[in-house]
Protein chains: 4
Amino acid sequence: MKAVRILTTGGTFDKVHDWRTEGLAFAGAGRSQVPEVLEHGRCTHPVTEQLFQIDSLEMTDTHRALLAQHVASAPEDAIVVTHGTSTMDVTARFLDGKAPEKTVVLTGAMRPYSLFVSDAAFNLGGAVIAAQTLPPGVFAVMNGRVFAAKDVQKDEKLGRFDA
Amino acid sequence: MKAVRILTTGGTFDKVHDWRTEGLAFAGAGRSQVPEVLEHGRCTHPVTEQLFQIDSLEMTDTHRALLAQHVASAPEDAIVVTHGTSTMDVTARFLDGKAPEKTVVLTGAMRPYSLFVSDAAFNLGGAVIAAQTLPPGVFAVMNGRVFAAKDVQKDEKLGRFDA
Amino acid sequence: MKAVRILTTGGTFDKVHDWRTEGLAFAGAGRSQVPEVLEHGRCTHPVTEQLFQIDSLEMTDTHRALLAQHVASAPEDAIVVTHGTSTMDVTARFLDGKAPEKTVVLTGAMRPYSLFVSDAAFNLGGAVIAAQTLPPGVFAVMNGRVFAAKDVQKDEKLGRFDA
Amino acid sequence: MKAVRILTTGGTFDKVHDWRTEGLAFAGAGRSQVPEVLEHGRCTHPVTEQLFQIDSLEMTDTHRALLAQHVASAPEDAIVVTHGTSTMDVTARFLDGKAPEKTVVLTGAMRPYSLFVSDAAFNLGGAVIAAQTLPPGVFAVMNGRVFAAKDVQKDEKLGRFDA
């Protein structure tokens, strides 16, 4: 069994309904939905570490460098990164090669977990397994598929990641 | 990309609330929840084939032989089997070695998908990925873990599969 | 504005999924779902008092006498009683006339609140309003209808209370 | 039993998650959530008529005049109007006195029904009952309370309608 660390960065996965603005927003500090997804999935073994709560459109290379640093310094060799879908491809390629001995798996969601009937749990469940079964490298797991870093590409029209 | 077939056999994963009996039951013929889980997971590529809608406590070796036959004759090399948790270990060991060139991954749930906040999507998402990333053999994927057929064991007290 | 008291007695309304028995059961003492329904309904004014957590098929005249006593001694004139649907008619007729100055409204659900997409919130929302708008007497509110105590009758085939 | 008509105008009640914009939006024409709320509430008797699918901030007096016309010409004497919360007070006072023989009840939600754990079903359940139990006049039903047209006032800070 490989130890798994989940680094959370926000994205649609983590958004909640905000009745004040009548839109979607991130909940307060320290409030990623990932621990709740794991609890509902009865999955107790990963360590979860919240890095950011931001849209992936707001993710800069400064954020990515900090993320890469956390990936590299993590004691685990199996790393899951939750991430917005809009720039998941950019971050995957940024991380590629930076921690060559580790298996890094990005994942996210098209519908927030907190709104129910979401793809978040399906995707995270896949990413946690992929982090343990794939060889070292950087990958994305979305919609039941594994993508190498160079092949990560969101189909904006379909809202899916397809090969 | 590996083509994936999902064979459904019932189990808690597929149960729904029946207001007539005020308990849980299987919905009518052809009504596994798996297609809905895939739809919510925005996962379009697997072929789903419904074999049974039974509790795994009712699963006999006759059922298992029929299941093994479907695994062997499937055109895909990556097979997911949804199954009740109570005898998942028995079926895993029954299937072990019977289709040596295929990757077979059993999965299930402790709370029916139709009751929401369930482990079903998390587990199925993991199993679909495992079927594509693991070598040939028989495995179970539950609660974010992969188990070889011989190691599958439900912790009845915790309601989890832990190593 | 009339002050409202909600007396909870259990019934399907309050059941939760029990993964150990793989069926529905009442959660531990003090755990009616009514406070959560009120919270989600952003309804802060009623006082909630949990009397029993039982199936209405287990409700005896001893239970009903205790319930009648709580209705009579409550400081509020507007009383909602959550109750299983199977013997809601019996309890309504038992209570009828016992606290002639009060408005007593029984309600319940065909699907537990904790299983989502349930009739519980719709029914409770109706009962809380009915308790404030109806004259003294004993009533049931189910499925968007008000029934006088003598007219309460579950349609077992349809799972509804219709006129 | 009074016949009930539900006129829907949109508001937060009817919004759905739109993965394309990653925000909340109205679904396509003819897609109010009200029929689904009634179905889950097992409430079959009201007639539902969709007038608009708009934010209540976009509601003009032209919309309100059309709404008043539908209220007046409806064959039923018990009318429920689903409405955004931001200008519910304005519409209530606009309608007041325009159909003096009818009971008109406005209601809405702070969280869309389609996002689950919402106040929508609780509020609609209350409004359907209020339309049958209140005397002629214009009212709002929110959060377990009845408000006369002149007293309707949203507490923007708390996101509730309190007395």
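How many residue pairs are in polar contact between chain A and chain B? In this predicted model, the count between the two chains is 20 residue pairs, taken where both residues have pLDDT 80 or more. The sections below set that count beside the symmetry of the two chains and the make-up of their interface.

## How the two chains are related

Two copies of a chain are related by a rotation about an axis and a shift along it. Here, chain A is superposed on chain B by a rotation of 180 degrees with 0.0 Å of shift along its axis, and the RMSD is 0.0 Å. That is the relation of a two-fold axis.

The residue of chain A that comes closest to the rotation axis is A:Gly126, whose C-alpha is at 1.9 Å. The same surface serves both copies, since 100% of the contact residues of chain A recur in chain B.

## The interface between chain A and chain B

On the side of chain A, 37 residues are in contact with 37 residues of chain B. The area buried between the two chains is about 3000 Å², and carbon and sulfur atoms give 65% of this area. Of the area that chain A buries against chain B, 25% is supplied by A:Arg42, A:Phe122 and A:Arg145, which is more than any other three residues supply.

Although 20 residue pairs are in polar contact between chain A and chain B, the rule finds zero salt bridges across their interface. Three elements of chain A give two or more residues to the side that touches chain B, namely helix H1 (34–40), helix H4 (120–133) and strand E8 (145–148). The largest share comes from H4(A), with 11 residues. By residue class, the side of chain A that touches chain B divides into 18 nonpolar, 13 polar and six charged residues.

## The surroundings of A:Phe26

A:Phe26 lies in strand E3 of chain A, which covers residues 23–26. Is A:Phe26 buried, partly exposed or exposed? Its relative accessible area is 22%, and because buried means under 20% and exposed over 50%, A:Phe26 counts as partly exposed.

Leaving aside its neighbours within four places in sequence, A:Phe26 is in contact with A:Gly10, A:Gly11, A:Asp14, A:Lys15 and A:Val16, and also with A:Gln53, A:Ile54 and A:Asp55. As for A:Thr48, this residue and A:Phe26 are 22 residues apart in sequence, and their C-alpha atoms are 17 Å apart in space.

Note on methods:
Residues numbered from 1 in each chain as written. Chains lettered and ligands numbered in written order. Predicted model: local features only at pLDDT ≥ 70, side-chain atom pairs only at ≥ 80, totals over all residues. Heavy atoms only, no water. Least-squares fit on C-alpha atoms with pLDDT ≥ 70 in both. Contact = heavy atoms within 4.5 Å. Buried area = accessible area lost by both parts, 1.4 Å probe. Salt bridge = Lys/Arg side-chain N within 4 Å of Asp/Glu carboxyl O. Polar contact = N/O pair within 3.5 Å; in protein donor to acceptor, adjacent residues only side chain to side chain. Helix = DSSP H or I, 4+ residues; strand = E, 2+ residues; numbered from the N terminus. Nonpolar A, V, L, I, M, F, W, Y, C, P; charged D, E, K, R; others polar. Buried < 20%, exposed > 50% of the residue type's maximum accessible area, 1.4 Å probe, protein only.
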